[in-house]
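This report describes the fold, the nonpolar cores and the surface of a single protein chain. The sequence and the structure are shown first, and the description follows.

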Amino acid sequence: MGLIWALFSVGLVSGAQLLLRGAMVALPPLTDLFTFLNHLLHLRAGTFGLAFGLLGYLLSMVCWYFALHQLPLAKAYALLSLSDIFRRRVRPAGNVLHAV
(Lines give C-alpha, C1' and ligand atoms only; values in the text may rest on other atoms or scores of the structure.)
Protein backbone atom coordinates (compact mmCIF):
# COMPACT_ATOMS: atom_id res chain seq x y z
CA MET A 1 0.00 0.00 0.00
CA GLY A 2 2.94 2.34 0.66
CA LEU A 3 4.04 2.01 -2.96
CA ILE A 4 0.60 3.05 -4.16
CA TRP A 5 0.68 6.14 -1.92
CA ALA A 6 4.14 7.03 -3.21
CA LEU A 7 3.20 6.61 -6.88
CA PHE A 8 0.03 8.62 -6.37
CA SER A 9 2.12 11.36 -4.80
CA VAL A 10 4.53 11.35 -7.75
CA GLY A 11 1.61 11.77 -10.15
CA LEU A 12 0.13 14.58 -8.07
CA VAL A 13 3.37 16.51 -7.77
CA SER A 14 4.08 16.14 -11.50
CA GLY A 15 0.65 17.48 -12.37
CA ALA A 16 0.97 20.25 -9.81
CA GLN A 17 4.28 21.39 -11.26
CA LEU A 18 2.81 21.51 -14.75
CA LEU A 19 -0.23 23.45 -13.54
CA LEU A 20 1.95 25.95 -11.69
CA ARG A 21 4.18 26.42 -14.73
CA GLY A 22 1.12 27.21 -16.85
CA ALA A 23 -0.25 29.55 -14.19
CA MET A 24 2.99 31.49 -13.91
CA VAL A 25 3.00 32.07 -17.66
CA ALA A 26 -0.62 33.28 -17.65
CA LEU A 27 -0.53 35.43 -14.50
CA PRO A 28 0.98 38.92 -14.41
CA PRO A 29 4.34 39.36 -12.63
CA LEU A 30 4.42 39.91 -8.88
CA THR A 31 6.28 43.19 -9.31
CA ASP A 32 2.87 44.83 -9.69
CA LEU A 33 1.11 43.28 -6.71
CA PHE A 34 -2.18 45.15 -7.24
CA THR A 35 -2.53 43.83 -10.80
CA PHE A 36 -1.63 40.32 -9.67
CA LEU A 37 -4.23 40.30 -6.87
CA ASN A 38 -6.84 41.86 -9.16
CA HIS A 39 -6.14 39.10 -11.68
CA LEU A 40 -6.68 36.45 -8.98
CA LEU A 41 -9.81 38.02 -7.52
CA HIS A 42 -11.51 38.22 -10.92
CA LEU A 43 -10.66 34.57 -11.67
CA ARG A 44 -8.80 35.30 -14.87
CA ALA A 45 -6.52 32.90 -16.75
CA GLY A 46 -4.01 31.17 -14.54
CA THR A 47 -5.98 31.52 -11.31
CA PHE A 48 -7.35 27.98 -11.35
CA GLY A 49 -3.97 26.57 -12.41
CA LEU A 50 -2.37 28.28 -9.42
CA ALA A 51 -5.07 27.05 -7.01
CA PHE A 52 -5.09 23.47 -8.28
CA GLY A 53 -1.29 23.36 -8.48
CA LEU A 54 -0.99 24.38 -4.84
CA LEU A 55 -3.73 21.91 -3.89
CA GLY A 56 -1.85 19.19 -5.77
CA TYR A 57 1.29 19.91 -3.75
CA LEU A 58 -0.70 19.75 -0.53
CA LEU A 59 -2.30 16.42 -1.44
CA SER A 60 1.09 15.10 -2.53
CA MET A 61 2.54 15.85 0.91
CA VAL A 62 -0.36 13.98 2.53
CA CYS A 63 0.34 10.99 0.27
CA TRP A 64 4.04 11.06 1.21
CA TYR A 65 3.09 11.09 4.86
CA PHE A 66 1.16 7.85 4.42
CA ALA A 67 3.78 6.35 2.10
CA LEU A 68 6.62 6.95 4.55
CA HIS A 69 4.70 5.16 7.29
CA GLN A 70 4.68 2.00 5.18
CA LEU A 71 7.83 2.19 3.02
CA PRO A 72 11.48 2.44 4.00
CA LEU A 73 12.90 5.88 3.26
CA ALA A 74 15.49 4.50 0.82
CA LYS A 75 12.78 3.00 -1.40
CA ALA A 76 10.43 5.97 -1.18
CA TYR A 77 13.18 8.49 -1.92
CA ALA A 78 14.15 6.64 -5.10
CA LEU A 79 10.60 7.11 -6.41
CA LEU A 80 10.99 10.91 -6.38
CA SER A 81 13.02 10.75 -9.59
CA LEU A 82 9.91 9.49 -11.41
CA SER A 83 8.44 12.97 -11.10
CA ASP A 84 11.29 14.41 -13.15
CA ILE A 85 10.81 11.76 -15.82
CA PHE A 86 7.07 12.47 -16.07
CA ARG A 87 7.54 16.23 -16.28
CA ARG A 88 10.28 16.05 -18.91
CA ARG A 89 8.09 13.92 -21.14
CA VAL A 90 5.57 16.75 -21.44
CA ARG A 91 6.20 19.65 -23.77
CA PRO A 92 6.44 23.12 -22.20
CA ALA A 93 3.61 24.35 -24.43
CA GLY A 94 1.02 21.72 -23.68
CA ASN A 95 0.07 18.24 -22.71
CA VAL A 96 1.34 16.23 -25.67
CA LEU A 97 3.94 13.56 -25.03
CA HIS A 98 7.00 13.39 -27.22
CA ALA A 99 9.74 10.83 -27.68
CA VAL A 100 13.11 11.47 -26.11
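**Overall architecture**

The protein chain contains five helices and zero strands. Read from the N terminus, its elements follow the order α-α-α-α-α. The model is a predicted one. Of the 100 residues in the protein chain, 29% are buried. The accessible surface amounts to about 7000 Å², and carbon and sulfur atoms account for 74% of this surface. Where contacts join residues at least 6 apart in sequence, 60% of them link residues at least 24 apart.

**Helix α3 and its packing**

Helix α3 covers residues 47-70. The 24 residues of α3 should span 34 Å at 1.5 Å a residue, and the end C-alpha atoms of the helix are 35 Å apart, which agrees with that expectation. The buried residues of α3 are Thr-47, Gly-49, Leu-50, Gly-53, Gly-56, Ser-60, Cys-63, Trp-64 and Ala-67. These buried residues pack against α1, α2 (33-41) and α4.

**Nonpolar cores**

The largest nonpolar core has seven residues, namely Ala-6, Val-10, Trp-64, Ala-67, Leu-71, Ala-76 and Leu-79. At least two residues of this core are supplied by each of α1 (2-26), α3 and α4 (73-79). Within the core, Ala-6 touches Trp-64, Ala-67, Leu-71 and Leu-79, when residues up to four places away in sequence are not counted. A second core, separate from the one just described, has five residues, including Leu-20, Ala-23, Leu-27 and Phe-36.

**Aromatic and histidine positions**

Four side chains placed in four helices are compared in the table by their accessibility.

| Residue | Helix | Relative accessible area | Class |
|---|---|---|---|
| Trp-5 | α1 | 24% | partly exposed |
| His-39 | α2 | 13% | buried |
| Tyr-77 | α4 | 61% | exposed |
| Phe-86 | α5 | 42% | partly exposed |

Trp-5 lies in helix α1. Leaving out residues up to four places away in sequence, Trp-5 touches Cys-63, Phe-66, Ala-67 and Gln-70. Trp-5 and Ala-67 are 62 residues apart in sequence, yet their C-alpha atoms are 5.1 Å apart in space. With a relative accessible area of 24%, Trp-5 is above the 20% limit for a buried residue and below the 50% limit for an exposed one, and it is therefore classed as partly exposed.

His-39, in helix α2, is buried because its relative accessible area of 13% is under the 20% cut-off. Apart from neighbours within four places in sequence, His-39 is in contact with Ala-26, Leu-27, Pro-28, Arg-44, Ala-45 and Thr-47. Among these partners, Leu-27 also belongs to the second nonpolar core, and Thr-47 is one of the buried residues of α3.

Tyr-77 is part of helix α4. Its relative accessible area of 61% is over 50%, so Tyr-77 counts as exposed. The C-alpha atoms of Tyr-77 and Ala-6 are separated by 9.2 Å, and the two residues are 71 residues apart along the chain.

Helix α5 (residues 81-88) holds Phe-86, which is partly exposed with a relative accessible area of 42%. Setting aside neighbours within four places in sequence, Phe-86 is in contact with Val-10 and Ser-14. Val-10 is itself a member of the largest nonpolar core. Phe-86 and Ser-14 are 72 residues apart along the chain, with a C-alpha separation of 6.6 Å.

**Nonpolar surface patch**

A nonpolar patch on the surface is formed by Leu-19, Leu-43, Phe-48, Phe-52, Leu-55, Leu-58 and Leu-59. Together these residues have about 670 Å² of accessible area. Helix α3 provides the largest share of the patch, five residues. One of the patch residues, Leu-59, is in helix α3 and is partly exposed, with a relative accessible area of 39%.

Leu-43, another member of the patch, is located in the loop between α2 and α3. Most residues other than glycine have a negative phi. Leu-43 is not a glycine, but its phi is positive, at about 55 degrees.

Definitions and conventions: Residues numbered from 1 in each chain as written. Predicted model: local features only at pLDDT ≥ 70, side-chain atom pairs only at ≥ 80, totals over all residues. Heavy atoms only, no water. Patch = residues over 30% accessible without salt bridge, like charges linked within 9 Å, V, L, I, M, F, W, Y side chains within 5 Å. Areas by Shrake-Rupley, 256 points an atom, 1.4 Å probe, with all protein chains shown as cover. Salt bridge = Lys/Arg side-chain N within 4 Å of Asp/Glu carboxyl O. Helix = DSSP H or I, 4+ residues; strand = E, 2+ residues; numbered from the N terminus. Buried < 20%, exposed > 50% of the residue type's maximum accessible area, 1.4 Å probe, protein only. Core = buried A, V, L, I, M, F, W, Y, C linked by side-chain atoms within 4.5 Å. Contact = heavy atoms within 4.5 Å. Expected span 1.5 Å × (residues − 1).
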